[in-house]
Amino acid sequence: MAASAKRRRGWRKRLGALARFTGALVIVGGLYSVFSPSLYAQEAEDNAIDSEVVKGEELYSTSCITCHGDNGEGVEGRGPSLIGIGSAAVEFQVNTGRMPMAAQGAQAPAGEAVFTEEEAEWLGAYIDYLGGGAAVPDDLEILVEDASVGEGGELYRVNCSSCHGYAGGGGALSSGAHAPELSGVTDDELYQAMLTGPQNMPVFADNELTPEQKADIIAYVQYLVNDDKDPGGVFSLGRYGPSTEGLAIFLVGMSTLLLATLWIAGKS
Amino acid sequence: MKRRKGTNESLMIKAGGELDDRFKLAGPTRVLMNKVFPDHWSFLLGEIALFSFILLLLTGTFLGLFFEPSMTHVTYDGAYVPLQGIEMSKAYESSLDISFEIRGGLVMRQMHHWAALLFMAAILVHMLRIFFTGAFRAPRETNWMIGIVLFWLGFFEGFFGYSLPDDGLSGTGLRIMEGMTESVPFIGPWASAALFGGQFPGTSVISMLYIFHVFLIPLIMLGLIVVHVGLVFAQKHTQWPGPGRTEHNVVGFRMFPNYIMKQVGFMLFIWGVTAAMAGLFQINPIWLFGPYDVSVVSSGSQPDFYVMFLDGLIRLFPAWEFRIPPYFSLPPVFWPGVVGMGLSIVLPLLYPALERRFTKDRAHHNLLQRPRDAPHRTGLGVMVVAFWLIGVLSGGNDVFAEKFDISLNAMTWFGRIGIVVIPMALYYITYRICLGLQQHDREVLAHGLETGILMRDPEGRFYEVHQPLAEPDEHGHTELEYNGWVVPKKMNRVGALAPTDKGFFKSIEEPTENGGEHRDEIEAGKHQ
């Protein structure tokens, strides 16, 4: 009996000590938060970035490290270094399904994205953390809204059409590489591609095409693939120009007329 | 009102009489209406070209009302939003206006372009028919040469028409023409300067090409077409050999009413097909190409299909430049572009004369040959077709490479090796096929038809019963001469079995099984 009472008193004593300690902490913490609120907020944000970087690093270590190496340093003969390429490049490659690459080839083909957009952002944050680099401006939407389709058309024809073609249908490059077609590409992806020059594409940095000019081109490309409704007919023949037109005149025109000659004239 | 006297018929006769009194029409009309044309589907291919040419004149006149062949700079403020505020030439602006603002302009432009492609495609197919059947032989060599000249006039007419709108694609085509002109040794740069009025693109080339395109070349073509068709009238149409057909007659239908009805119907059908294509298929969307700017060369820039063959040769030819420093250099484009084009003009023109020289056949021919009976010529024709097709394919090799995921370098090397090897291989294969077909014809003439009836001897030997085509001698052979026409290969073609009803794609009625009711007769005249 006496032993148990003694034990109970010791437990109470410890609880009291904990309560006093907690109280002291609250008071100190409260005072701290009262006297340095800005410092506290700053620290919370840092934590958020850190966690994105950490999550990005985790994804990197499972899906990218084989070719791009430790800390994005690259592996000779497999994948280039990613230091300094920035988040725009990462998000473009990952969101369009080009990375992770299934096999080494002339060029990574676009496809189904393996990661969600959020995961791509984490990866981007991690690569950005490794060495900085280009990023898409936050006000891209406003830039595109104010863009001029006509200016964009001129810039497109001079800068883009030699690979992607007049109508954005894409084109062949040497040794199995190709410039992809531009239908179904989002504004962000177009901007990222111009900014970072993925695969065989040249980089159009801000000193070559200003962000406003890039937005003009985006506006024109979206007009070209979405709003130009091919007024010339039901079938656009893929807008490949004279090659498919030549096929059509033989497969549709000449073959119809040859059947007509068989119909109206003798066969032997 | 006074009542008219007489029936409809007597009124017609009266009207005809009055016309004849004044214009002396009865004689020529009688000759014309009674003229006989042989009837075969392959004789209508030239008409496709003729009628699309008429359609080209009609639609071209419409376009000519609105097109302005001027390279004066203007700022566009028309209906097509993405080009508003852009600097361009008057020619391109008026082409855009035809497409977007003139009522019916776009469909007329598209009809004009489709009709142009149809015209060239029909000429090619027509030319193949003439070639493979030997219809160019004496006395028709002149008409063959006129046909070749018409093809090349059509080639330049089409190329100039493609250049007129002064869009990005047409300017790129002109640039290649400039390069080819400049590559000619010694006179090249001068010729190019004369063509463009100085430095490319200059300010005058469009208005010059315009006069060529709408006046000079069509006028020459029209004249040559009249001579071409007139010669067919005067020399009479060739015909296939066959029962009752000789070198000295023409078996077929009279001009009136049968032939003329078919022709008018066919003409309207051709125009209908062209109009339908113009409504359904977008062709040459110039608004996407933008105004011509020397610094813009798009990927997938191709000429129309009939020029693509030369483009292909230029793409395939290795970059071999011949130099005598410091004065002279011969750029590689000279060989495929200028020499290649020159040979493609001269060799077809000379072909009838060359064939005469090698076969020593100087006789007049009004009966056609089956391709199998002239194996060397047929082989040569297939060789040229293969060469041309690989050229065309290589002219579009970048589009092909991109869409079928093939390396462009692989396409180029396929073209380089293929354009030499494949035509030669096809020549040999075609030659052997022709000989095989001849052999089989002669075998049927000597031994009779296969009946499909298998018999067995008492010794156990199997053999197929053959139906001889004439009374056989004691060895079971028949002496029948091959007359250059279809030899029957099936029992139902000689009346031994009921002929099957032919459907469009396959026979509606299957031949009777097992020889049917005539089996006994066939076996009675048994022949191994």
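These notes cover the domains of chain B, an annotated span of chain A, and the nonpolar cores of a predicted model.

1. Domains of chain B. The assignment splits chain B into three parts. Domain 1 is made of residues 28-66, 105-242 and 250-340, while domain 2 covers 370-447 and domain 3 covers 449-524.

2. Where domains 1 and 2 of chain B meet. The C-alpha centres of these two domains are 24 Å apart. Their contact involves 19 residues from domain 2 of chain B and 14 from domain 1 of chain B.

3. The domain 1 side of that contact. Two helices of chain B, helix 5 (105-132) and helix 12 (305-316), each provide at least two residues of the side that touches domain 2 of chain B. Of these, helix 12 of chain B gives the most, with 8 residues. Sorted by class, this side of domain 1 of chain B holds 7 nonpolar, 5 polar and 2 charged residues.

4. The annotated span in chain A. An unreviewed UniProt entry places the feature "domain: Cytochrome c" at residues 51-225 of chain A. In the model, this span of chain A is 50% helix and 2% strand, and its end C-alpha atoms lie 39 Å apart.

5. The largest nonpolar core. This core has 68 residues. Those with the most contacts inside it are Leu123(A), Tyr126(A), Ile127(A), Ile218(A), Ala219(A), Tyr220(A) and Val221(A). Leaving out residues up to four places away in sequence, Tyr126(A) touches Val53(A), Gly56(A), Glu57(A) and Tyr60(A).

6. Another core. Apart from the largest core lies one of 66 residues. Its members include Met254(A) from chain A, and Leu44(B), Leu63(B) and Phe131(B) from chain B.

Key. Residues numbered from 1 in each chain as written. Chains lettered and ligands numbered in written order. Predicted model: local features only at pLDDT ≥ 70, side-chain atom pairs only at ≥ 80, totals over all residues. Domains from an automatic or database assignment. Contact = placed C-beta atoms within 7 Å. Helix = DSSP H or I, 4+ residues; strand = E, 2+ residues; numbered from the N terminus. Nonpolar A, V, L, I, M, F, W, Y, C, P; charged D, E, K, R; others polar. UniProt positions renumbered as here; feature names shortened; annotations may be inferred. Core = buried A, V, L, I, M, F, W, Y, C linked by C-beta atoms within 7 Å. Buried ≥ 20, exposed ≤ 12 C-beta atoms within 10 Å, placed from the backbone.
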